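Biologist: Please take a close look at the cysteines of this structure. Which of them are paired, and how are they placed?

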Amino acid sequence: MGLAKTEMFTDQQNEIALFAKVFGHPARVTILQHLFKIDSCVCGDLVSEIGLAQPTISQHLKELKHLGLIKGNVEGTRVCYCIHKENWTAMKTVMSEFLDQDLTNNNSCC
């Protein structure tokens, strides 16, 4: 059996790619913006706020939670979500280092 393509790359490269994937869908960006805007946990009212179907929102929440950018708590029959601030800060550090590579490279090209 062959090597999985992601195994060809470093952990950091795979992590950056996962972060980029999460930001690659406007629904996930909107969910994150909404969570930052309300600055508290949201419990089930994302459908009316964002305008997508509940299964669609649930899938995007699952992706955000899988990556650790949000966390959820079960309250009765509902799950409440909020930004996972420690993981958000760690993600910003990784992405800033990647995006700031041009600041340390003084070589002129072409």
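Modeller: The following account deals with the cysteines and their surroundings. The model is predicted, so local features are given only at pLDDT of at least 70 and side-chain atom pairs only at pLDDT 80 or more, while totals for chains, interfaces and linings use all residues. Residues are numbered from 1 along each chain as its sequence is written, and side-chain values use heavy atoms, with hydrogens and water left out.

The structure holds one disulfide, a term used here for a pair of cysteine sulfur atoms within 2.5 Å. The partners are C43 and C80, whose sulfur atoms lie 1.7 Å apart. Such a link is a covalent bond between the sulfur atoms of two cysteines. The disulfide of C43 and C80 is right-handed, because the torsion about its S-S bond is about 115°. C43 belongs to the loop between α2 (26-38) and α3 (46-50), and C80 to strand β2 (residues 78-83), so the pair ties together parts that are 37 residues apart in sequence. These elements are DSSP runs numbered from the N terminus, helices being H or I of at least four residues and strands E of at least two.

Both partners are buried, C43 with a relative accessible area of 18% and C80 with 0%. Here buried means under 20% relative accessible area, exposed over 50%, and partly exposed in between, for a 1.4 Å probe and protein chains only.

C41 is in no disulfide, and its nearest cysteine sulfur, that of C82, is 3.3 Å away. C82 is likewise in no disulfide. C41 is partly exposed at 35% relative accessible area, whereas C82 is buried at 13%.
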